[in-house]
Amino acid sequence: MRPPALLQMPLSSLTPILGRNDSSDLSLPWRGWALLVLTAICLTPLAAAASELELGKQVPRQGDEIMVCGQLFHTTAPVVLWLDPGGYDAYRVERRFAPLEKSSWEASSKENPHLDTPNRYGLRKAGLTDKQLQQVRGGGWDLPLLQKVVDQFVMHYDVCGYSQKCFRVLQDDRGLSVHIMLDIDGTIYQTLDLKERAWHATRSNTRSVGIEIASIGAYPKDKKSVLDQWYTTAPDGTIRLRPPRQLGPLGLRTRHFEGRPDRQELIVGTIQGIELYQYDFTPQQYDSLIKLTATLCRIFPLLKCTYPRDANGRLISHQLTDAQWKNFHGLLGHYHIQKNKTDPGPAFNWKKVIGGATRLLP
Ligand SMILES: [Zn+2]
């Protein structure tokens, strides 16, 4: 419930209205009555508001919220923020999985030449005026300004197979970042506020939100034996996702998670002119991604719920031209941005994601 306008003022600004600091005036009888009447009018709603805003009361979280400019937005999917226990924090400068005594930025930068700056993210500064730049350089984005900047949502697969390793590779090994990781059990990990410029997709970093979807990836025919280490045929003939045992615990949020590809068949498709083989993502990943996509399309008006298509309405399966990239506002693959990339691969079901998200939007 929105409180009356008066209650939106800080209490200090009510003081002149109530005349508390003006003791000589209070001696006048008419001022005393006016004060009483005003107090009666004002204090009733104040008391009501005070019961809603109880000092020291915990603000409840549902566990499905993502954060944008410090504001929480429901996705209706499971979300772990970088602030939460079990989360992955890309604001930190140390290595998350290195031995503790060698994890500091100083030790890490000596040991790993890829880590050439303590921060793994930057500032979305393209197109901002000097005044806006001064406003946001310390992180002070407000939602209306960010809504003018974000118009792309970039799909990656992580080639790690699970999000814990994805974070280790980005944070500890390569000095890169992504806003969101989507684990095989459908858990969404947000590692940075979406106001930050994550380092995941070169020229699209400034205008995009990025997501790394856990998957071992897509392979040409001569290398597709990698998939045999990650997928197996169960006795009932169904294909199951079974990460190699020697990896040990994968840090999944869902205990005893049993994964399977959403579509059972091995999918073959051509990306950047290369024929690739890939198993589909899990149903849990699609479910969360659909909800997240709808959430982002609702938060960011410039982000359209669509993917790159040709004149016949078919998915474009190679890098966009400069003009296409510039004018595209929606979901796209890493391969639409860079010629040297093939993620999220031929198995990514664009129609399912966009169709599902569109149905969730008002
Ligand atoms: Zn990528």
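Which residues are buried in helix α7 (residues 163–174)? That helix is a friendly place to begin a walk through this predicted model. Its buried residues are Ser163, Gln164, Lys165, Cys166, Phe167, Leu170, Gln171 and Asp172. As background, an α-helix has 3.6 residues a turn, so residues three or four places apart point the same way. With that in mind, try looking along the helix axis and picking out Phe167, Leu170 and Gln171, three of the buried residues. And what do the buried residues of α7 pack against? Their partners are three strands: β6 (180–182), β7 (188–190) and β9 (208–213). Just after the helix comes Gly175, with a positive phi near 65°.

Now step back to the whole protein. It has eleven helices and 14 strands. Of its 362 residues, 33% are buried. If you take the contacts between residues at least 6 apart in sequence, 65% of them join residues at least 24 apart.

From here we can turn to the nonpolar interior. The largest nonpolar core has 63 residues, and the members that touch the most others are Met181 and Leu182. The element that gives the most to this core is helix α8 (residues 283–299), which supplies seven residues. Both Met181 and Leu182 fall within β6, one of the strands that the buried residues of α7 pack against. Which residues does Leu182 contact, leaving aside its neighbours within four places in sequence? The list is Ile188, Ile211, Ile213, Ala214, Gln285, Ser288 and Leu289. Here Ile188 belongs to β7, while Ile211 and Ile213 belong to β9. Gln285, Ser288 and Leu289 lie in the span of α8.

For a smaller motif, go to the hairpin made by β1 and β2. Strand β1 (residues 65–68) pairs with strand β2 (residues 71–74) in the antiparallel sense, over four bridges. Val68 has Gln71 in β2 as its bridge partner. Two residues sit between the strands, and in this hairpin Cys69 has a positive phi near 50°.

Our last stop is Lys341, in the loop between α10 (334–337) and α11 (350–360). Why does Lys341 count as partly exposed? It has 17 C-beta neighbours inside 10 Å, whereas a buried residue needs 20 or more and an exposed one has 12 or fewer. Apart from neighbours within four places in sequence, Lys341 is in contact with His334 and Tyr335, and both of these residues are in α10. The C-alpha atom of Lys341 is also 8.7 Å from that of Gln319, a residue 22 places away along the chain.

Key. Residues numbered from 1 in each chain as written. Predicted model: local features only at pLDDT ≥ 70, side-chain atom pairs only at ≥ 80, totals over all residues. Contact = placed C-beta atoms within 7 Å. Pairing = 2+ DSSP bridges. Core = buried A, V, L, I, M, F, W, Y, C linked by C-beta atoms within 7 Å.
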